[in-house]
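Hi,

Here is the structure I promised to pass on. My notes on its cores and backbone follow below.

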Amino acid sequence: MSKAIVASEYGGPEQLVYTEVEETAPGPGEVRVKVAAIGVNFIEIYRRQGVYQVPLPNVPGEEFAGEVVACGDGVNWLSVGDRVATAKGAGAYAEFVNVDALQTVRIPDDVTYEQAAGAMLQGLTAHYLCNSVFPVGPEHTVVIHAGAGGVGLLLTQMCKLKGATVITTVSTPEKEILSRGAGADHVLSYDDFEVKVRELTAGVGADVVFDGVGKSTFEQSLLSLRKRGWMVLFGAASGLVPPFELHRLNGLGSLVVTRPGLWDFTETSDELNWRTSELFGLIGSGKLDVRIGGIYPLKDCGAAQEALAGRGTTGKLLLIP
Ligand code: NDP
């Protein structure tokens with residue numbers, strides 16, 4: 001037997017029960033991993049609440065790093081003892097996880113388990129947003145909401161490495177300091193940010209808004225954009241954006257709106273490995289700082305989720321089994 005978190009009903013953090021579960025051998029194509037660090041993500045809160053439906057009972061979590069302790073049939077490219085990480089390892093809130101080996105990547109020696117678990121989901125998200133959804137360059141002014149959050153800090157650093165001008169939004173002076181530390185050129189509060197973005201861009205507007213906040217920022221984000229600008233809605237930390245009349249995009253200056261998701265940008269092993277090797281390369285060379293905002297014992301995952309939902313966190317929260 002080993003320990004895991006099991007949720008049997010939708011609801012609050014009290015549904016996340018630390019309990020014993022059966023040990024199982026990895027199936028064909030899987031590896032069994034002794035988990036060293038687990039990333040906490042918003043999607044786990046939505047799933048716990050039933051906003052996104054999952055089969056119950058359910059072991060939450062998807063993002064972790066750890067050591068391979070057994071390989072299933074057909075897995076000949078990984079060995080016992082390898083250090084691996086994944087953003088798609090269902091049932092990550094556990095001491096041991098069986099995971100599709102194709103969804104794992106090797107962790108280089110110069111990247112720690114904590115950095116890997118802290119960067120897989122948000123780092124890959126930041127990577128696909130600024131490389132593939134809207135390829136950012138030195139000629140661009142980008143707006144990034146929640147600039148001191150997990151994705152926000154990483155995306156700000158990546159956009160700065162590409163030479164862009166970065167404007168972020170944050171809710172507190174402490175978060176402003178963090179966002180500036182990540183390289184943001186201008187850090188705004190959420191009040192009337194669209195007016196300030198226009199001022200900062202000589203009335204033109206930003207080229208792209210990366211918006212993971214959603215409901216409370218969407219309308220102002222549209223008003224922050226230049227003609228033919230890109231509205232990249234990638235999350236809903238404040239709630240889902242209500243239905244939207246597409247015709248309005250014309251009057252707002254032929255805007256583009258997209259709602260991308262990580263899985264569509266890491267569909268093949270080649271794409272996953274390309275993004276991860278760039279991400280780990282930046283981390284290992286010290287160009288990208290993965291800020292760990294808090295470390296909780298696995299059994300306290302409910303408190304970690306509440307902290308994330310309560311807007312009090314900066315950077316990445318980790319669980320340690
Ligand atoms: P963050 O660490 O950014 O935390 C969310 C932040 O959003 C808060 O810290 C807060 O920052 C801001 N916020 C604004 N309004 C609210 C509110 N009402 N309630 C809570 N937070 C609020 O989280 P992550 O980096 O983990 O994720 C950011 C977003 O990206 C999430 O929406 C997540 O679901 C999404 N995501 C999307 C992916 C994709 O592929 N589409 C993949 C990964 C994440 P402040 O106080 O400064 O406003």
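A contact here means heavy atoms within 4.5 Å. On that basis, V142 touches V136, C159, A164, T165, V166, I167, V208 and F210, leaving out residues up to four places away in sequence.

Before going further: this is a predicted model, where local features need pLDDT of at least 70 and side-chain atom pairs count only at pLDDT 80 or more, while totals for chains, interfaces and linings use all residues. Residues are numbered from 1 along each chain as its sequence is written, and side-chain values use heavy atoms, without hydrogens or water.

The largest nonpolar core (buried Ala, Val, Leu, Ile, Met, Phe, Trp, Tyr and Cys residues joined through side-chain atoms within 4.5 Å; buried is under 20% relative accessible area, exposed over 50%, partly exposed in between, with a 1.4 Å probe and protein chains only) has 47 residues. Those with the most contacts inside it include L129, V142 and F210. Among the elements giving two or more residues are β8 (141–144) and α8 (269–284); helices (H or I, at least four residues) and strands (E, at least two) are DSSP runs, numbered from the N terminus. The most comes from α2, with 12 residues. Another core, of 27 residues, lies apart from it and includes V31 and L317.

Now the backbone. L56 and P57 are joined by a cis peptide bond, with omega about -5 degrees; P57 sits in the loop between α1 (42–49) and β4 (64–71). A146, in the loop between β8 and α3, has a positive phi near 50 degrees and is partly exposed at 28%.

Best wishes
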